[in-house]
Amino acid sequence: MDAPTFRTIIEPFRIHSVEPLRMTTPQHRREAVQEAGFNLFQVHAQDVLIDLLTDSGTGAMSRDQWAALQHGDESYAGSPSFYVFRDAVRELFPFEHVIPTHQGRAAERILFSVLGGPGRIVPNNTHFDTTRANVEHTGATAVDLVVPEAHDPASSWPFKGDMDVPALEALLHEHTDEVPLVMMTITNNSGGGQPVSLANLRRVREVCDRYGKPLFLDACRFAENAWLIREREPGWSGHDVTEIVHEIAALADGMTMSAKKDPMGNIGGWLAMDDDDLARRCRELLVLTEGFPTYGGLAGRDLEAVAQGLREVVHHDYLRYRVRSTAYLGESLLAAGIPVLQPVGGHAVYVDARAMLPHIPPLQYPGQAFAVALYEAGGVRSCEIGTVMFGRRPDGTEVPAALDLVRLAIPRRTYTQSHMDYVIEACRHVAAHADRLVGYRIVDEPPTLRHFTARFEPLE
Ligand code: F0G
């Protein structure tokens, strides 16, 4: 008999402990979302059936992570849990200094408090919302320089997270003294979860060297990025993911990190770097608001869970399932005629709401319209990544974002294929009624990060 080949990529785990879902009706959800000012961040999680708002901190920990919690040592200073954590980080990213923080944005705040400030310019392939907000909060300017292919949702260019190197070079040439560092977000979350190629990272490194600038990674989804390099970049197909991660790390001078993504934590983050003086200044700020440098706002048990998560995330069986199951959702939506950002990345599927709802102009938030309709129809919570999130400039004026996307982010190891089949049905239902969806207007908003708390009203 020939060795069988299987089309089905199964979840490479079995379920060890379960959490009930609360079934709700469309009527109940209509009331809940109205109460929340049509803002899904304000909906109670109890009223959500399948929560694809984010892949951040929402994944299932493994048996070995729960066991690792028991090793947590809660000493204020010098806890052994810190050294377990530091060594696990360094096994992948061998930076001299590893500074724990309570989550990624705390690492960003500290780094940009030291390196940012009025008149400074920070280039990135695409800043995530908190990264941009933390840069701007210091008075610096955040500039996105992703490759032009990234602006075409239908282009299937394999590395739409790459930096536009000539644009970076032009910026550094013109503003050499104003740029304190160059950032690269892997994978590029705001641009559709798209990977960055090693070839591009190398070219960015060369430019940074020429101008004497440090290169920092925003490495939240580094393992997914490394897997996509293995799948898509010539020359890397037979390599171990850990080896690819080492290649990435060797090109950088430091990193900011959210341990709520690929490190499989429910909380946590870190800042790492080689520069002793920069590390000293960062630790000084850390102590002010996060905590002593061997816990940085985390419990010892959190550090242990993240260390174990880092060991698990680079397993090929896990990454193959992770990337394949995300692609399954994307391909199924596409087959149903729903425009989806191409190619599908690692952690999420991004529906192109602007293409799907051409009758709703960007300043009436087509992404918000789709996200609210999907919640009402199926209890599926998604996240607008478009004009609501990025349309408000620091001076208060409003412009359409580059794209109006709705992200269906997939928590790690949490939902099964039948959950995804249900999500696909719910999306099909909304798509079938797309011409009846209406736009929204904002009736109340804060000056920054408005998507978290703004209140909306449907138009008409
Ligand atoms: N950088 C990127 C690329 C991110 O995706 C996130 C968080 C952060 C930084 C900040 O990390 O949440 O630990 O403070 N992204 C989550 C999301 C919130 O839903 O995409 P954090």
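**Close-up views of the ligand site and of Ser190**

**View 1. The ligand in its cavity.** In this predicted model, the largest cavity is the space that the ligand takes up. The shell around the ligand consists of 17 residues, and those that come nearest are Thr54, Arg105, Ser258, Lys261 and Arg407. Sorted by class, this shell holds eight polar and seven charged residues, together with two nonpolar ones. Helix α4, which spans residues 104-115, supplies three residues, the largest share of the shell.

**View 2. Polar side-chain atoms facing the ligand.** Thr54, one of the residues that come nearest to the ligand, places a polar side-chain atom 2.7 Å from a ligand oxygen atom. In the side chain of Gln103, an N or O atom is 2.9 Å from an oxygen atom of the ligand. For Lys261, also among the residues that come nearest, the partner is a nitrogen atom of the ligand, which lies 3.0 Å from a polar atom of the lysine side chain. Taken on its own, the ligand has 470 Å² of accessible area, and the protein covers 94% of that area.

**View 3. Ser190 in its loop.** Ser190 belongs to the loop that runs between strand β5 (182-185) and helix α7 (198-211). Its relative accessibility is 11%, and Ser190 therefore counts as buried, since the cut-off for that class is under 20% relative accessible area. A polar atom of the Ser190 side chain lies 3.3 Å from the backbone oxygen of His127.

Definitions and conventions: Residues numbered from 1 in each chain as written. Predicted model: local features only at pLDDT ≥ 70, side-chain atom pairs only at ≥ 80, totals over all residues. Heavy atoms only, no water. Near = heavy atom within 4 Å. Polar contact = N/O pair within 3.5 Å; in protein donor to acceptor, adjacent residues only side chain to side chain. Areas by Shrake-Rupley, 256 points an atom, 1.4 Å probe, with all protein chains shown as cover. 1 Å grid on protein atoms, 1.4 Å probe; cavity = no way out; pocket = protein on both sides within 12 Å on 5 of 7 lines; lining within 4 Å. Sits in = over half its atoms within 2 Å of the grid points. Helix = DSSP H or I, 4+ residues; strand = E, 2+ residues; numbered from the N terminus. Nonpolar A, V, L, I, M, F, W, Y, C, P; charged D, E, K, R; others polar. Buried < 20%, exposed > 50% of the residue type's maximum accessible area, 1.4 Å probe, protein only.
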